[in-house]
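Colleague: Can you pull up the model and talk me through it?

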Amino acid sequence: MQGISLPNSQIIDPRAYFRPAKVPQPATPALTLDSGPHYTAGMELQWTQRIRLKQGDITREAVDAIVNAANISLLGGGGVDGAIHQAAGPRLLEECKTLGGCPTGSAKITQGYRLPAKHVIHAVGPVYRDGRSGEPEQLAGCYRTAMALARQHKLRTIAFPAISCGVYGYPLDEAARIALGTVRDELPRSPRIEQAIFVLFDARALAAYEKAFKELSSSDENKK
Ligand code: AR6
């Protein structure tokens, strides 16, 4: 096959084209993920982009913290609490024993041990009676305290189950509105939090959360 021959002056040196352009260096270093207290990545996003809903098993989430639906003893139990202790291993219970329990509507933090999550935030939801016995405030208190602990510990990602929606009997639709509304309201003061993920165990819980999410985002749109 006949090659194309160019006079030497026309031979193109590809390095001339792929030489990186000189990029002017900024006088001050760019803001990075580790830029300390001024880090505000979360603030650039709408709350609807920082909250995510998914169906799954929360013990598999590789986040900075998963939230547990615990009881006032903080010494383990069934449901998601049992699954978290099972996956984390016995050192989680050892640390929980040092915490002295936790009142309903609040939360305490531990390490995550064998979990893919770095921490566990143990929140104690209310047992549902009639919805007029302080349960909404107590349920909101779980989410508010969990978000405050996430701020204190400089966490970026947090995953929640549907606290109180299992054996504690909280109606899913009401609980979903409280959970999402409270976390949405906490996000503006939690600039480090990039993602708050609600990990719902079954399709029915996911559907309830999706409905509440749509209602909250459309009521925000109407306020604009
Ligand atoms: N991942 C995500 N969600 C889960 C998982 C899981 N692996 N397992 C269950 N759920 P519950 P509560 C869902 O009963 O109502 C414990 O014994 C479940 O489908 O775990 O707050 C504690 O020690 C439901 O939607 O917690 C307390 O005594 C949600 O998690 C008591 O139960 C919460 O159900 C707390 O009751």
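**Ligand shell**

Modeller: The shell around the ligand divides into 12 nonpolar, eight polar and two charged residues. Here Ala, Val, Leu, Ile, Met, Phe, Trp, Tyr, Cys and Pro count as nonpolar, Asp, Glu, Lys and Arg as charged, and the others, Gly among them, as polar. This is a predicted model, where local features need pLDDT of at least 70 and side-chain atom pairs pLDDT 80 or more, while totals for chains, interfaces and linings use all residues. Residues are numbered from 1 along each chain as its sequence is written, and side-chain values use heavy atoms, with hydrogens and water left out.

Colleague: Which residues are closest to the ligand?

Modeller: Asn71, Gly78, Asp81, Ser164 and Gly166, out of 22 that surround the ligand (a heavy atom within 4 Å).

Colleague: And which element gives the most to the shell?

Modeller: α3, with four residues. Both α3 (79–88) and β2 (65–70) supply at least two. Helices (H or I, at least four residues) and strands (E, at least two) are DSSP runs, numbered from the N terminus.

Colleague: What is 2.7 Å from a ligand oxygen?

Modeller: An N or O atom in the side chain of Asn71. A polar backbone atom of Val167 is 3.0 Å from an oxygen of the ligand, and for a backbone N or O atom of Tyr168 the distance is 3.1 Å.

Colleague: How much of the ligand does the protein bury?

Modeller: 89% of the 700 Å² that the ligand exposes when taken alone (Shrake-Rupley method, 1.4 Å probe).

Colleague: Switching topic, how many helices and strands are in the protein chain?

Modeller: Seven helices and six strands.

How values were computed
A polar contact is a pair of N or O atoms within 3.5 Å; within protein, one must be able to donate a hydrogen and the other to accept it, and residues adjacent in sequence count only if both atoms are side-chain atoms.
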